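Hi,

Here is the structure I promised to pass on. Have a look at it, and then read my notes underneath.

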Amino acid sequence: MDNKRSKRLLNLIYIAMFAAIIAICAQLQIPAAVPFTLQTLGVFIAGGLLGWRRAVLSVLVYILIGLVGVPVFSGFTGGAGVLFGLTGGYIIGFIFTALIVGSMSDKLGKKLWVLAVSMISGLFACYLFGTIWFMTVYSMQTGSISLGGALMMCVVPYLPFDALKIAAAVVLVNRIDKVVKL
């Protein structure tokens, strides 16, 4: 196998591997209105290690597998109903998280501060997209909800847990990158 084909195959393996890691992280959860999961940890690590292109592809593979009904979303769920439901915007928001984390680590390197800032920025984008989506779907299903109400349901309770995930992801990406170049 020539070098170009072997590099393409390796990239496909990394993309599939991180789609699987995100799916596994989705099952490690604490139930709530928006479940506490480790999905964003998987997305942060994918973005930090793979760069934006392969990380975004990993997230897209994860989402497409879930969209067709494979139970990869939190709580072993799948299908369009989950993706277009209340929390689907956060799942779509993972694309932006992977894009931001991957782009910043591609351009600025994998220094601890770069990884931390990129993951905080990526999480903000995910929260923004997911919360707007949540408010839209909630309003169509139940009635209107204020931005403050949505933030108290979908963002504020998750901030400490997400801070821990960012700290863990920063350390993992920094250490893994020193040993293995993906």
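Below is what I found, starting with the overall fold and ending with the cysteines.

One thing to keep in mind is that this is a predicted model. The protein chain has seven helices and two strands. If you walk along from the N terminus, the order is α-β-β-α-α-α-α-α-α.

As for overall dimensions, the C-alpha atoms fit a box of roughly 60 × 35 × 25 Å along the principal axes. The radius of gyration is 16 Å, which agrees with the value near 16 Å that a compact globule of 182 residues would have. Of those 182 residues, 44% count as buried. Looking at contacts with a separation of 6 or more, 68% are between residues 24 or more positions apart.

On the outside, the protein chain exposes about 9100 Å², and 74% of that comes from carbon and sulfur atoms. There are 13 positive and 4 negative charges, and the mean positions of the two sets lie 3 Å apart.

Now the cysteines. How many disulfides are there? The count is zero. A disulfide is a covalent bond between the sulfur atoms of two cysteines, and the cut-off used here is 2.5 Å between the sulfurs. For C25, the closest cysteine sulfur is in C126, 14 Å away, so that is too far for a bond. C154 is in no disulfide either, with the sulfur of C126 as its nearest cysteine sulfur at 11 Å.

Are these two residues buried or exposed? C25 is buried, at 10% relative accessible area, and C154 is also buried, at 2%.

Cheers

How values were computed: Residues numbered from 1 in each chain as written. Predicted model: local features only at pLDDT ≥ 70, side-chain atom pairs only at ≥ 80, totals over all residues. Heavy atoms only, no water. Helix = DSSP H or I, 4+ residues; strand = E, 2+ residues; numbered from the N terminus. Rg over C-alpha atoms; globule rule 2.2 N^0.38 Å. Buried < 20%, exposed > 50% of the residue type's maximum accessible area, 1.4 Å probe, protein only. Contact = heavy atoms within 4.5 Å. Areas by Shrake-Rupley, 256 points an atom, 1.4 Å probe, with all protein chains shown as cover. Lys, Arg positive; Asp, Glu negative; His and termini not counted. Charge placed at Lys NZ, Arg CZ, Asp CG, Glu CD.
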